[in-house]
Structures are given as structure tokens and as C-alpha cells.
Amino acid sequence: MESWEKRYLTLHPEDKELIEKNFHLPDMELYLGDDALVPAQRIYDDILKSVPREKIPLPFPGLNVLMGGGFLPNDFVIISGATKMGKTLFMAQIANFWPDKTLFLALEDTVQEQLRREYEKYNIVTNPPYFSFTKRPKNGFTLDWLKLKIIEGMQKFNINKVIIDNLDWIEGGEDYKKNKEILRTLKQWCDDFNILIVLVVHIKGDSAYAFGTKRPDIQSIKGGSHIYQMGTKVILLWRVLTVQDDKKIEAGYTKVILALDRHSGALEQDTHVKYNQGKFEEISNDEYLQLKGTYVAKKKKVEEMKW
């Protein structure tokens, strides 16, 4: 094999300039930056020496089982579903379940608005354990603002979990090219800060998915395929319903679909919850089958009435 000195002489001038600028020849072999090349065995040895990562469970035991125990500390999780499927409620319930160190950045309906609505509608008095902001920033929700809030939360409250509801409210979030950069940046923060980030994303509009009459999948997420490709886990919510002769028929349950889990390898696995007094409750398989049977019977009755 040729020596590096001989191979270097054959390089394009632009490549030589790039190397000299970044590695300051002839000290290239001494480069020890964070992105330096090292033997894979050394990477593996570091993994063996590290403390096992504890799973972060959710208030839904069946979903935890599908994920092998819950979220991982530096997961980047995508939660999606059509309008009125309960995404914000789902997120608030998770934030309330985690005992501490959680930053809930509710950008659309602020935490203040959510807590007020919860109290006025259900007369529920809670002691939310998470942290949030008090006023919307004048210049909008930029990536710089989000980063500063995360750093502030880490310094003040030692937060290690961040919920962001939702992508459309981040500056540039509705733009295909810009939201790609937003997703890449948020995922990088998971590694840089060693935090879990859960991001809420909408379903594509003007489709059966958006109206809730068709089971969503990862392709139905608004914003392009890069959104689910960036996520380490993707969870979809679907309140099962159908529309026949302008009549909406609801099943009485919501499917929580683990559409993708890059760690456990799970794909398109379901659990079921129902809405009760301002929160979701996981239901047994027997109750699910009973509700499903009633739902099918309702649809059949409406169909028979047409004739």
C-alpha cells in the first residue's frame, strides 16, 4: 500500500486545502477532535463501561411493553395524529406522569390555557410536576428560543425530558425545506444534551387520514418522509370512526399505534385507550373487542337503513 505522503501528492488541490485547513499537516495522525476516527473496538469498550440506560415509562403499560419498557434517555420521538385525536391531551398526560425533570413547551395551547381549561371543564385541581414558560415570545418560537429554554431548564431544574407541541408553531415548521433542518437540529440536541425530546406533528391535510376516517401510517405524517426517518420512535393516535350518509359513527376507543421503533424493531403494533373524564385510560383486550363489536354493529345498522 502506498504511504500517505505519496497518496497526498495525488490529491486534488481543493482536497489538499481542506485537509490543511482542518488537520494542520503534518499532524493529521495526531488529530483528537470529537469526530476523530478511532477503532470500533474502542467504541464498543466505551459502551460496555457505560451505565445501562434506564427506560422512561409512560402511563400506558401496554405501550411500554411494545417498546421494551418505555422511551430511552436520548430518544427523538414523533407523536402524530389528525386534529381532535387527543395529541395535546396525550402529551399533557405523559408530562403529568413523569415525576420531574420535564420541560413541556406547549406552543399552540400553552400550559396556562390547558390547566385553566382542565379546571373549568372538569374542576380538576392538579399539581403538575413539569416546567413551562409563562408568555409566548414576541418574535415567535425560533430554534434559538427553544435552545435557550432547554438550556435554561437544564440549569434551573436539571431537566432531561422535553415535550414540544407542535412542529407547525416552530418558525419555519410548516415549510418542507425548513422543517427538515428543524428535525435534524432537534435530533442533534438529543445527543448533545443527552435529553429525550418528544415532538408533536400533524397528519397531512385534505385526506381521509386528516378527517380520521382512515388508519394513519408513517406516510400520512405531514411534512415529508424525513420526519419519520429522523424519529427513533413514531407513535400515531387514531380515534376510530367512520362516516356513513353524513352520520359520524365513533368506536369509543382510540388506537395508540407504535408505527416505528428503531430500538425494539416494532412496526405497526397497537394498544387501545378510551377517553374518560379528561384523560386517556388504557383498556383490556376484552373491553376493546366488546367496543369493536358494538362499533361494527352500529355501522351495519346504518348500512341496513339505507335499504
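This note walks through a predicted model of one chain, point by point.

1. **The chain as a whole.** Let's begin with the overall picture. The chain has 307 residues, and 39% of them count as buried. Its secondary structure comprises 10 helices and 8 strands. Among the contacts in the chain with a separation of 6 or more, 63% are between residues 24 or more positions apart. About 18,400 Å² of the chain is exposed, and carbon and sulfur atoms supply 52% of that area.

2. **A negative patch.** Start with the surface around helix 2, which covers residues 13-23 and includes Asp 15. Asp 15 joins Glu 14, Glu 17 and Glu 20 in a surface patch of negative charge. Is Asp 15 buried, exposed or partly exposed? With a relative accessible area of 39%, Asp 15 is partly exposed, because the partly exposed class lies between 20% and 50%.

3. **A nonpolar patch.** Another surface patch is nonpolar and spans about 480 Å². Its members are Val 38, Ile 43, Tyr 44, Ile 47 and Leu 48. You can find Leu 48 in helix 3, which runs over residues 40-49. Leu 48 has a relative accessible area of 55% and is exposed, since exposed means over 50%.

4. **Phe 157 and its neighbours.** Phe 157 is part of helix 7, and helix 7 spans residues 143-157. Its relative accessibility of 38% makes Phe 157 partly exposed. Which residues does Phe 157 touch, leaving aside those up to four places away in sequence? They are Lys 101, Phe 131 and Glu 152. Phe 131 is 26 residues from Phe 157 in sequence, and the two C-alpha atoms are 8.3 Å apart in space.

5. **Asn 158, with a positive phi.** The loop between helix 7 and strand 3 holds Asn 158. The phi angle of Asn 158 is near 55°, which is positive although the residue is not glycine. Asn 158 counts as partly exposed, at 46% relative accessibility.

6. **A cis peptide bond.** On the other side of strand 3 there is a backbone detail to look at. Where is the cis peptide bond? The bond runs from Asp 165 to Asn 166, and its omega is near 10°. Asn 166 sits in the loop between strand 3 (161-165) and helix 8 (176-193).

7. **Glu 268, in backbone and side chain.** Glu 268 belongs to strand 7, made of residues 267-276. Like Asn 158 above, this residue is not glycine, and the phi of Glu 268 is a positive value near 50°. At 35% relative accessibility, Glu 268 is partly exposed. The side chain of Glu 268 also takes part in a salt bridge with Arg 215, whose closest N and O atoms are 3.1 Å apart. Arg 215 lies in the loop between strand 4 (196-202) and helix 9 (225-230) while Glu 268 lies in strand 7, so this pair ties together parts 53 residues apart in sequence.

8. **A second partner for Arg 215.** Arg 215 is partly exposed, with a relative accessible area of 27%. Arg 215 also forms a salt bridge with Asp 270, where the closest N and O atoms are 2.8 Å apart. Asp 270 is in strand 7 and Arg 215 in the loop between strand 4 and helix 9, so the pair links parts that are 55 residues apart in sequence. Asp 270 is partly exposed too, at a relative accessible area of 25%.

9. **A buried pair.** Side chains of opposite charge can pair when their charged atoms come close. Lys 233 and Asp 261 meet in a salt bridge, at 3.6 Å from N to O. Lys 233 is in strand 5 (residues 233-244) and Asp 261 in strand 6 (residues 247-261), so the pair ties together parts 28 residues apart in sequence. Are these two residues buried or exposed? Lys 233 counts as buried at 1% relative accessibility, and Asp 261 is buried with a relative accessible area of 2%.

10. **The salt bridges together.** Salt bridges that share partners join Arg 215, Lys 255, Glu 268 and Asp 270 into one network. How many salt bridges does a search of the whole structure find? The search finds 12.

Note on methods. Residues numbered from 1 in each chain as written. Predicted model: local features only at pLDDT ≥ 70, side-chain atom pairs only at ≥ 80, totals over all residues. Heavy atoms only, no water. Patch = residues over 30% accessible without salt bridge, like charges linked within 9 Å, V, L, I, M, F, W, Y side chains within 5 Å. Areas by Shrake-Rupley, 256 points an atom, 1.4 Å probe, with all protein chains shown as cover. Salt bridge = Lys/Arg side-chain N within 4 Å of Asp/Glu carboxyl O. Lys, Arg positive; Asp, Glu negative; His and termini not counted. Charge placed at Lys NZ, Arg CZ, Asp CG, Glu CD. Helix = DSSP H or I, 4+ residues; strand = E, 2+ residues; numbered from the N terminus. Buried < 20%, exposed > 50% of the residue type's maximum accessible area, 1.4 Å probe, protein only. Contact = heavy atoms within 4.5 Å.
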